[in-house]
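Work through the following exercises on a pocket, a helix and the packing of nonpolar residues, with the sequence and coordinates at hand.

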Amino acid sequence: MTEVIFERDALIEKLGVDIDPELLSLALTHRSYSYEHGQIPHNERLEFLGDSVLGQAVTVRLFTTLPDAVEGELAKRRASVVSTVALAEIGRSIELGRHLLLGRGENLTGGRDKDSILADTMEAIIGATYLSAGPEAATDLVLRLVGPLLDDPDRYGVASDPKTSLQELAARLGRTAPSYSVRAEGPDHDRVFTATVTVGDLSASGAGSSKKHAEMAAALIAWGELSANA
């Protein structure tokens, strides 16, 4: 028990905000852990709240600091810093993976370093901060976490919408449009989706906790391979 408390204290120190211990534990509880422990509450409701707080904080910051930017540019910048890939990188920077409560299967398959799990947990932590310390503290946390990314909008442009990026790249290179196939494995409460995308003679596969995430993962890999060979 002492080790767990120490680990959580270390995370709180990196976040720089005082979060109620019960809410922090809830934010770190993945649904796979919940299903293996009697359907205890998990972090998806906090994730829903945090996603809204994150979006509002980033939108207001961009609107106020870029008065000459058009709507399309603002939307692009916002998408890049709230993307799964960007949030996962933030999670890794604070060693979030070591604090997660995961089910046995998710833990064995590398769940502590999965983009989708890290990103969702970051949103849950933002939600927990909102409930523990209020909207100003939550906004401050968001801006401290994503601040460095706001100055580099192109870095995550492809990652925020890899399917569209792949389609546009394929069109520019005169390739056939990408086509996707998806298969699912595992029980209903913990399914893993694997998508394969084909662009001409190039194919790539990616996995995720949903069909959407699997297709995005496959598209991102295919985009990287296609651009490298262009």
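**Exercise 1: the largest pocket**

Task: Establish which helices and strands line the largest pocket, and of what kinds its lining residues are.

Solution: Helices H4 (44-65), H6 (84-93), H8 (115-133), H10 (157-160), H11 (162-172) and H12 (211-228), together with strand S3 (202-208), each supply at least two residues of the lining of the largest pocket; helices (H or I, at least four residues) and strands (E, at least two) are DSSP runs numbered from the N terminus. The model is predicted, local features need pLDDT of at least 70 and side-chain atom pairs pLDDT 80 or more, whereas totals for chains, interfaces and linings use all residues. Residues are numbered from 1 along each chain as its sequence is written, and side-chain values use heavy atoms, with hydrogens and water left out.

A pocket is an open set of points on a 1 Å grid over the protein atoms alone, where a 1.4 Å probe fits, with protein on both sides within 12 Å along at least five of seven lines, and lining residues have an atom within 4 Å of a point. The lining comprises 35 residues, with Thr84, Val85, Ser116, His213 and Met216 nearest the centre. By kind, 14 are nonpolar (Ala, Val, Leu, Ile, Met, Phe, Trp, Tyr, Cys, Pro), twelve charged (Asp, Glu, Lys, Arg) and nine polar (the others, Gly among them).

**Exercise 2: helix H12**

Task: List the buried residues of H12.

Solution: With buried meaning under 20% relative accessible area (1.4 Å probe, protein chains only), the residues are Ala214, Glu215, Met216, Ala218, Ala219, Ala222 and Leu226.

Terms used
Buried < 20%, exposed > 50% of the residue type's maximum accessible area, 1.4 Å probe, protein only.
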